[in-house]
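These are my notebook entries on a single chain. I set down what I looked up, entry by entry.

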Amino acid sequence: MVSKAARATDTEQGVTTRTKRRVAAPAPVTRPAARAATVSATIHRDLRAAIVSLRRKPGEPIAEKLIAQDYGVSRTPVREAILKLADEGLVEIFPQSGTFVARIPLGALPEAFAIRKALEEATVRYAAARATRSQIALLRANLELQRERAAAGDFEGFHLADEAFHALVAEAAGYPGFWALTQQVKVQIDRFRRLTLPVMGRMPVVIAEHEAILDAIAAHDPAAAARALDSHLDDLQVTIADAQKANPLYFTTPEDQG
């Protein structure tokens with residue numbers, strides 16, 4: 001007959017064994033899901049950059065299968081990236097026809113300009129009030145880079161220098177997050193801007209407008225900086241009609257959407 005002590009020992013051993021089994025059980029593996037999310041983010045970033053830079057033209061088809069082959073992945077992360085691009089208005093998905101790079105929505109540009117202007121007016125005012133000598137020097141160096149890229153006819157390099165100028169203004173303001181917000185709302189403006197750069201004389205005009213903004217910041221004159229910024233953005237907005245006339249297939253008009 002088994003004693004109470006023996007039964008207790010057996011029970012303890014059973015509990016210990018079961019506990020060990022529970023402890024030894026492998027944790028759920030989450031790395032594949034994490035990797036898929038990373039791959040999807042990479043594909044989204046690359047496709048977004050290609051669309052915004054117009055390397056992928058408005059109306060161009062997006063082939064999920066080919067993209068999946070290029071990245072060596074299944075079509076699932078590609079589809080996730082494309083859905084995110086659709087949410088941003090950069091691609092259009094037609095169930096029976098396919099996926100295509102979206103045309104630039106002409107009707108959405110005025111609102112995007114208004115939001116950008118509100119954010120950047122605040123930014124240049126703070127920059128004019130706070131910019132240090134070293135920050136002003138960085139802006140002047142960037143302006144020279146813009147001149148070099150323009151002289152070389154390097155449209156993409158000029159665009160990147162232009163972006164860096166506005167980012168440096170936000171740094172001088174002490175609120176770099178303003179530029180991050182601005183980038184989110186101006187994605188369609190950026191596509192449109194790429195169409196204006198090859199226009200004869202456009203890059204020198206942009207440089208002169210940037211120089212006026214910089215001079216106001218260097219003079220620590222917030223009101224003048226805001227006026228120069230407004231003039232810069234208003235001038236860009238005026239060129240929309242010319243860009244649409246030169247590239248009609250790149251734009252969607254309100255009539256098309258109606």
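**Entry 1: H220.** I looked up the accessibility of H220 in this predicted model. Its relative accessibility is 40%, so I recorded H220 as partly exposed, a class that lies between under 20% for buried and over 50% for exposed. I located H220 in the loop between α10 (202-218) and α11 (222-238). I then checked the backbone: phi of H220 is positive, at about 55°, although the residue is not a glycine.

**Entry 2: helix α11.** I went on to the helix that follows this loop. Does the span of α11 agree with its number of residues, or disagree? At 1.5 Å a residue, the 17 residues should span 24 Å, and I found the end C-alpha atoms 24 Å apart, which agrees. I listed the buried residues of α11 as A224, A225, A226, A228, L229, D230, H232, L233 and L236. I noted that these buried residues pack against α5 (109-130), α7, α9 (187-196), α10 and α12 (240-246).

**Entry 3: R116.** From α11 I turned to α5, one of the helices against which its buried residues pack. R116 lies in α5. Is R116 buried or exposed? I recorded it as buried, because its relative accessible area is 1%. Setting aside residues up to four places away in sequence, I found that R116 touches H166, W179, T182, V185, K186, I189, R193 and L233. L233 is also listed among the buried residues of α11. For I189 I looked up the separation from R116: 73 residues in sequence, and 9.6 Å in space from C-alpha to C-alpha. The side chain of R116 also makes a polar contact with the side chain of E120, at 2.5 Å.

**Entry 4: α6 and α7.** I next examined helix α6 (residues 133-151) together with helix α7 (residues 155-173). Their axes come within 9 Å and cross at roughly 170°. I therefore entered α6 and α7 as roughly antiparallel to each other, given that angles over 145 degrees are counted that way. On the α6 side I listed Q135, L138, L139, N142, L145, Q146, R149 and A150. On the α7 side I listed G157, F158, A161, D162, A164, F165, L168, V169, E171 and A172. Sorted by type, the residues of this contact divide into eleven nonpolar, four polar and three charged.

**Entry 5: S53 and L54.** I then inspected the loop between α2 (31-52) and β1 (61-62), where S53 is placed. S53 counts as buried, because its relative accessibility is 12%. Its side chain reaches the backbone oxygen of A50 at 3.2 Å. Which residues does S53 contact, apart from its neighbours within four places in sequence? I found E156 and R194. L54 is in the loop between α2 and β1 as well. With a relative accessible area of 6%, L54 is buried. I noted a positive phi for L54, near 70°, in a residue other than glycine.

**Entry 6: the chain as a whole.** I closed with the totals. The chain holds 13 helices and five strands. Of its 258 residues, 38% are buried. Among contacts between residues at least 6 apart in sequence, 76% join residues at least 24 apart.

Note on methods:
Residues numbered from 1 in each chain as written. Predicted model: local features only at pLDDT ≥ 70, side-chain atom pairs only at ≥ 80, totals over all residues. Heavy atoms only, no water. Helix = DSSP H or I, 4+ residues; strand = E, 2+ residues; numbered from the N terminus. Buried < 20%, exposed > 50% of the residue type's maximum accessible area, 1.4 Å probe, protein only. Polar contact = N/O pair within 3.5 Å; in protein donor to acceptor, adjacent residues only side chain to side chain. Contact = heavy atoms within 4.5 Å. Axes fitted to C-alpha atoms, helices over the stretch in contact; angles between N-to-C directions. Parallel < 35°, antiparallel > 145°, perpendicular 65-115°, else oblique. Nonpolar A, V, L, I, M, F, W, Y, C, P; charged D, E, K, R; others polar. Expected span 1.5 Å × (residues − 1).
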